[in-house]
Amino acid sequence: MHYFIGDLGHLFVIASFVTSLISAFAYWKANSVGTEIKAQWLANARIAFYVHTAAVIGVIASLFTIIYQHYFEYHYAYSHSSLHLPGEYMVSCFWEGQEGSFLLWIFWQAIIGLFLIRTQRNWEAPVMVVFGLVQAFLASMILGVVIPFVNIKLGSSPFILLRDAIEDPIFSLQPDFIPKDGSGLNPLLQNYWMVIHPPTLFLGFALTLVPFAFCLAGLWQKKYSQWIKPALPWALVAGAVLGLGILMGGYWAYETLNFGGYWNWDPVENAVYVPWLVLIASIHTMIIYKNSETALKSSIILNIAVFVLILYSTFLTRSGILGDASVHSFTDLGLSGQLLIYLLFFTIAAIGLAAFRWREIPSSDKEAAIYSKEFWIFLGATTLCLMGFQVLLPTSIPVYNSLIEAFGGESNLAPPADQIGFYSKFQLWFGVLVAFISGTGQFFWWKRMEKEKLKAEILPPVLISLIVFALIIAISKVYQPSYVILTLAGVYLIVSNIKVLVSVIKVNAALSGGALAHIGIGMMLLGVMFSSGYSKVVSLNNTGMLISKDLPTEFNRDNLLLFINEPRSMGGYEITYLGERVEPRNVKGYVSKNDIDLTLDPFKVVALRDIEFKGKKILSAQDTFEINPENTFYEIELKKGDHVEALLFPRVQINPAMGGFIASPDIKKNLERDLYTHVSLPMNREEEPEWSETEEVTIRINQQFFINDYVAMLESVNRIYEIDGFNLDAEDVAVKARIKISGERDVYYAEPIFLIKDKTQVGRITDEVNDLGVRIALLNIHPETNEFSLALNTRQKDWVIIKAMEKPFINVLWLGTGVLMIGFSMAMVRRFKEFKKQSR
């Protein structure tokens with residue numbers, strides 16, 4: 001039992017909690033006392049925060065040691081890691097659980113706090129008070145201590161022992177019992193995106209604290225407008241990083257899940273999307289104030305709203321309140337009350353401070369003119385907020401139900417059954433509004449522009465947009481009214497911002513970040529419209545026969561039943577299912593299940609022959625290699641004429657944590673469209689197949705016969721001295737027949753065994769060739785005639801049911817995300833340079 005590392009980690013957690021409170025108190029004193037002792041309080045506060053950061057790093061090091069060293073006596077290591085987990089995914093175990101993800105959040109905020117201490121000396125004390133308090137609340141989530149006398153548990157510790165976390169009789173009998181292996185990381189999360197997506201997302205969460213802290217510091221210090229300058233660059237960083245995290249999650253879903261898209265409007269997805277929309281709105285109102293000294297109060301409201309929504313999303317996803325409404329939410333660890341206090345504390349404190357100072361906050365009596373840039377930006381920000389509000393209300397239905405039930409009422413409200421259809425029909429029109437507003441607003445100068453000059457500016461982009469729009473409609477045959485308008489909006493946003501980009505580059509290329517970001521948004525709108533609105537099922541069942549009368553009509557219509565090695569036509573391709581495959585862990589390629597032999601370790605198999613993949617040898621006969629046994633890949637060949645266009649390997653994963661089997665797509669990526677293919681229904685290997693009646697044949701060596709319409713030949717019959725690693729006694733006799741069967745594409749071998757045990761007991765071990773649906777037994781040996789009797793059974797050949805969709809112009813979406821990030825980056829760099837210059 002490795003008690004020391006757990007005790008050390010728990011000590012670091014307590015230290016991080018205590019030092020965050022000390023730091024917050026010392027910074028508060030530094031902000032409140034006179035100049036003569038302020039420096040001493042600041043020094044104490046900094047030391048406390050440095051110790052806090054060191055303690056956080058200590059917690060991380062302790063927990064990672066427990067995970068990496070496989071100390072399965074700890075509940076966290078047992079629940080999230082295993083001996084067979086590949087090293088590159090070991091780090092993902094760290095944040096799979098609630099405690100680890102809280103710790104990741106704490107870590108990022110500690111690092112950001114160090115940056116602020118070093119760079120924001122004028123704002124350090126009030127800003128770091130907020131940081132210290134937030135860190136204390138987050139650290140309390142992983143304390144795992146019970147407050148004496150009141151018997152209230154504070155937080156859930158990642159260092160709790162397995163015997164203290166679960167009830168099992170074995171711990172009564174053997175308190176120091178340690179499992180030999182852990183449960184392992186959810187196989188669905190063993191993906192490279194899950195190594196980088198959560199850290200990016202939590203960095204985005206952490207960064208939203210910075211503008212919130214500056215906003216509260218400004219209200220506290222009565223510096224009602226000065227906080228905008230230091231907060232704006234950080235808000236841009238937060239918008240970029242949080243947006244990147246959301247996009248990473250979307251791409252992971254596109255590559256890994258099988259709902260046919262990249263955004264499913266799941267409550268957990270929505271809980272991150274809404275704060276990001278409001279964050280983008282706040283960035284724009286802050287830009288308005290920086291340039292025209294209006295919208296200050298709006299900026300304060302929105303900056304508070306962003307952080308409150310981040311806390312609300314944390315409550316939604318971690319309190320267990322979503323229940324079965326989301327597949328992504330965490331289970332409740334008893335933190336729901338603590339999370340609610342966290343949410344209410346900062347919500348009430350921020351709103352209370354803003355309300356207390358509200359009358360003192362300067363505001364402009366002059367209304368923004370319609371022909372001014374600030375009017376259009378404010379209109380766009382308002383639209384973004386309404387866009388988020390429309391998503392937030394239905395997502396919060398489980399919260400409304402819980403509130404009503406808490407007060408003794410009863411609520412039958414339910415989230416939308418068709419989430420994608422419900423949210424998309426509203427968000428589409430909000431997207432159209434944002435595009436038209438953003439495209440038009442770029443042509444206005446700050447304050448006011450004359451109508452005549454506006455016409456000269458806006459007319460050329462409008463005409464070009466209409467021409468490009470007409471070409472797209474004609475070529476792509478976009479006829480649905482809502483998609484027509486969305487196409488026009490996306491084209492207009494791109495064209496108008498290209499004009500602005502060209503004009504800005506002539507003056508100062510550093511100012512082009514905003515135009516690039518808007519171009520990226522326009523491209524994303526077009527990419528979403530084409531890839532989702534005109535996604536087309538190409539795996540149509542055109543045989544005129546139902547796959548199964550027990551399956552829904554839509555399933556029978558949109559899915560293709562493929563028997564192994566039997567070509568079918570699909571979407572201009574000749575498609576053939578070639579069989580089940582496994583993926584070696586440390587070798588690039590796939591191996592047929594017919595070419596491997598299982599071992600006692602389910603994660604290790606042995607190659608039965610030299611293995612080639614795409615003409616290259618990847619394994620030699622008798623090589624032992626590791627696989628992920630829960631994954632089965634289905635090799636699908638796509639041909640046009642005699643040319644193989646692609647080999648696809650969609651995956652089926654046995655995943656009890658996700659309710660059974662999970663199908664992941666494989667994607668043939670082309671410049672103008674993706675072919676997105678996934679398994680809809682695999683064969684159930686657990687079910688006993690329906691075999692034909694036994695047919696007996698008597699043959700000699702090298703004599704051909706037929707089985708299931710395939711030509712077969714008995715090549716040899718040889719005595720063997722062990723079976724599956726077990727030695728036979730001297731009196732025992734076992735012979736193995738080797739039967740060659742010529743399939744459509746490959747040669748297969750069946751090796752049934754005939755056994756005489758203790759001179760009296762006769763046994764027969766059949767051999768099955770799954771691909772061909774045949775089973776052969778060596779029934780008898782006739783030495784007097786040199787003949788052998790075989791028992792032949794046949795069944796339906798191996799099959800798989802697949803669904804394939806074309807996603808037109810989806811690369812426009814991915815390219816748009818790249819352009820958006822470049823624009824964000826340029827805007828960030830520019831604003832930081834401006835602030836640094838003004839701070840001198």
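**Close-up views of a predicted model**

**View A. A nonpolar patch lies on the surface of this predicted model.** I147, F149, V150 and I152 make up the patch. Together they have about 460 Å² of accessible area. F149 sits in the loop between strand 1 (145-147) and strand 2 (152-154). Its relative accessible area is 88%, so F149 counts as exposed.

**View B. Helix 12 is largely enclosed by the rest of the structure.** The helix covers residues 296-318, 23 residues in total. From first C-alpha to last, helix 12 reaches 33 Å. That is close to the 33 Å expected at 1.5 Å a residue. Of its 23 residues, 20 are buried, so the surroundings enclose most of the helix. G320 follows helix 12 and has a positive phi, near 85 degrees.

**View C. Y400 belongs to helix 15.** This helix spans residues 397-406. Y400 is partly exposed, at 28% relative accessibility. R163 is 237 residues away from Y400 along the chain. The C-alpha atoms of Y400 and R163 are separated by 37 Å.

**View D. Strand 26 and strand 27 form an antiparallel hairpin.** Strand 26 holds residues 753-757, and strand 27 holds residues 761-765. Five bridges join the two strands. In one of these pairings, F754 has R764 as its bridge partner in strand 27. Three residues lie between the strands. D758 in this hairpin takes a positive phi near 55 degrees.

**View E. Four strands make an open antiparallel sheet.** The strand order is 19-30-29-28. Strand 19 (695-699) and strand 28 (767-769) are the edges, and each pairs on one side only. Neighbouring strands of the sheet are turned by 30 degrees against each other on average, direction ignored. Strand 28 pairs with strand 29 (residues 774-782) over three bridges, in the antiparallel sense. Here V769 stands opposite V774 of strand 29.

**View F. A buried salt bridge joins R581 and E635.** The model has 29 salt bridges. In this one, the side chains of R581 and E635 meet at 2.6 Å, N to O. R581 is in strand 6 (residues 573-582) and E635 is in strand 13 (residues 631-640), so the contact ties together parts 54 residues apart in sequence. Both R581 and E635 are buried.

**View G. K736 and E751 form a salt bridge.** Their closest N and O atoms are 3.7 Å apart. K736 lies in strand 24 (residues 733-742). E751 lies in the loop between strand 25 (747-750) and strand 26. The two residues are 15 residues apart, and the pair links distant parts of the chain. Both ends are partly exposed: K736 has a relative accessible area of 27%, and E751 is at 29%.

**View H. E744 and K797 form a salt bridge between two loops.** The closest N and O atoms are 2.8 Å apart. E744 is in the loop between strand 24 and strand 25, while K797 is in the loop between strand 30 (787-794) and strand 31 (799-808), so the pair ties together parts 53 residues apart in sequence. E744 is partly exposed, with a relative accessible area of 39%. K797 is at 11%, under the 20% cut-off, and so counts as buried. Elsewhere, salt bridges with shared partners join E580, K593, R685, E768, R795 and D798 into one network.

Technical notes. Residues are numbered from 1 along each chain as its sequence is written. This is a predicted model: local features need pLDDT of at least 70, side-chain atom pairs count only at pLDDT 80 or more; totals for chains, interfaces and linings use all residues. Side-chain values use heavy atoms; hydrogens and water are left out. Two strands pair if DSSP finds at least two bridges between them. The expected span of a helix is 1.5 Å times one less than its number of residues. Buried means under 20% relative accessible area, exposed over 50%, partly exposed in between (1.4 Å probe, protein chains only). Axes are lines fitted to C-alpha atoms, for helices over the stretch in contact, and angles run from 0 to 180 degrees between N-to-C directions. Patches are made of residues with over 30% relative accessible area and no salt bridge: like charges are joined within 9 Å, nonpolar side chains (Val, Leu, Ile, Met, Phe, Trp, Tyr) within 5 Å. Accessible areas come from the Shrake-Rupley method with a 1.4 Å probe; for residues, only the protein chains shown count as cover. A salt bridge is a side-chain nitrogen of Lys or Arg within 4 Å of a carboxyl oxygen of Asp or Glu.
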